[in-house]
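This note is addressed to a colleague who is meeting the structure for the first time. Its points are best read with the model open alongside.

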Amino acid sequence: MPRVSAAFFTFCVLSLLTGMLYGMHMAQTNDFALAPAHAHLNLLGGLLMAIFGTFYALTRETYSPRMAWINFLISAAGVVITIPALVMLLMTNDDAKYGPITGAGSGLVVIGLLIFAVSVLRELMRKRA
């Protein structure tokens with residue numbers, strides 16, 4: 001497995017573990033106010049990163065390592081910025097303060113997805129024997 005795939009899966013595991021533990025906490029306290037942040041962490045930090053890591057593992061002979069690492073760094077930064085900002089937004093309802101930070105983090109996640117789309121299209125269009 002390429003190291004970049006292992007990085008994606010490591011981030012995935014840490015995100016899912018955090019999301020699951022927080023989900024258990026929400027259930028125990030019956031306080032679901034931060035459920036959107038919990039869901040976003042599991043989807044963006046867990047599922048999306050696993051998809052990226054799987055793709056780069058499957059295309060290990062043909063992917064661009066530089067593009068894959070850029071994909072990882074931008075996507076991970078997006079999740080690390082988005083989730084805490086979303087938590088603060090949900091806790092305070094201070095859209096003026098936390099809305100732009102949440103939006104910037106989400107923008108990074110979208111850029112990460114666009115980089116991934118380029119990687120996927122490169123694989124689709126590459127010449128095969």
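Which residues does G78 touch, not counting residues up to four places away in sequence? The first point below takes up this question.

1. The residues that G78 touches, once those up to four places away in sequence are set aside, are G105, L108 and V109. G78 itself lies in helix α3. The reader should bear in mind that the model is a predicted one. The relative accessibility of G78 is 0%. Residues under 20% are classed as buried, and G78 therefore counts as buried. A further reference for its place is T54: the two residues are 24 apart in sequence, and their C-alpha atoms are 19 Å apart in space.

2. The overall architecture may be stated briefly. The protein has four helices and zero strands, and its elements follow the order α-α-α-α from the N terminus on. Along the principal axes, the C-alpha atoms fill a box of roughly 55 × 30 × 20 Å.

3. Several totals describe the chain as a whole. The protein has 129 residues, of which 38% count as buried. Its exposed area is about 7,500 Å², and carbon and sulfur atoms supply 72% of that area. When contacts between residues at least 6 apart in sequence are considered, 76% of them join residues at least 24 apart. As for charge, there are 8 positive and 5 negative charges, and the mean positions of the two groups are 20 Å apart.

4. The pairing of helices α2 and α3 deserves attention. Helix α2 spans residues 35-58 and helix α3 spans residues 65-92; their axes come within 9 Å and cross at roughly 175°. Helix α2 is therefore roughly antiparallel to α3. On the α2 side, the residues that meet α3 include P36, H40, L44, M49, F52 and Y56. On the α3 side, those that meet α2 include A68, F72, V79, I83, L86 and L90.

5. A35 and H38 may be considered together, as residues of one helix. A35 is placed in helix α2, and H38 is likewise in helix α2. With a relative accessible area of 26%, A35 is partly exposed. The C-alpha atoms of A35 and I83 are separated by 11 Å, although the residues are 48 apart along the chain. H38 touches G19, Y22, G23 and M26, residues up to four places away in sequence not being counted. From H38 to D95 the C-alpha distance is 19 Å, with their positions 57 residues apart in sequence.

6. What residues is Y63 in contact with, leaving aside its neighbours within four places in sequence? They are P2, V4, Y56, A68 and R122. Y63 is found in the loop between α2 and α3. Its relative accessible area is 16%. The cut-off for a buried residue is under 20%, so Y63 is buried although it is found in a loop. Y63 and V120 are 57 residues apart in sequence, yet their C-alpha atoms are 8.9 Å apart in space. Two residues named here also take part in the meeting of α2 and α3, namely Y56 from α2 and A68 from α3.

7. The backbone of two asparagines should be checked by the reader. N30 has a positive phi of about 55° although it is not a glycine, and N93 has a positive phi of about 60°, again without being a glycine. N30 is found in the loop between α1, residues 3-29, and α2. N93 is found in the loop between α3 and α4, the latter covering residues 95-125.

8. Are these two asparagines, N30 and N93, buried or exposed? The relative accessible area of N30 is 60%, and that of N93 is 67%. A residue over 50% is classed as exposed, so N30 is exposed and N93 is exposed. Y63, also a loop residue, is by contrast buried.

How values were computed. Residues numbered from 1 in each chain as written. Predicted model: local features only at pLDDT ≥ 70, side-chain atom pairs only at ≥ 80, totals over all residues. Heavy atoms only, no water. Buried < 20%, exposed > 50% of the residue type's maximum accessible area, 1.4 Å probe, protein only. Contact = heavy atoms within 4.5 Å. Areas by Shrake-Rupley, 256 points an atom, 1.4 Å probe, with all protein chains shown as cover. Lys, Arg positive; Asp, Glu negative; His and termini not counted. Charge placed at Lys NZ, Arg CZ, Asp CG, Glu CD. Axes fitted to C-alpha atoms, helices over the stretch in contact; angles between N-to-C directions. Parallel < 35°, antiparallel > 145°, perpendicular 65-115°, else oblique.
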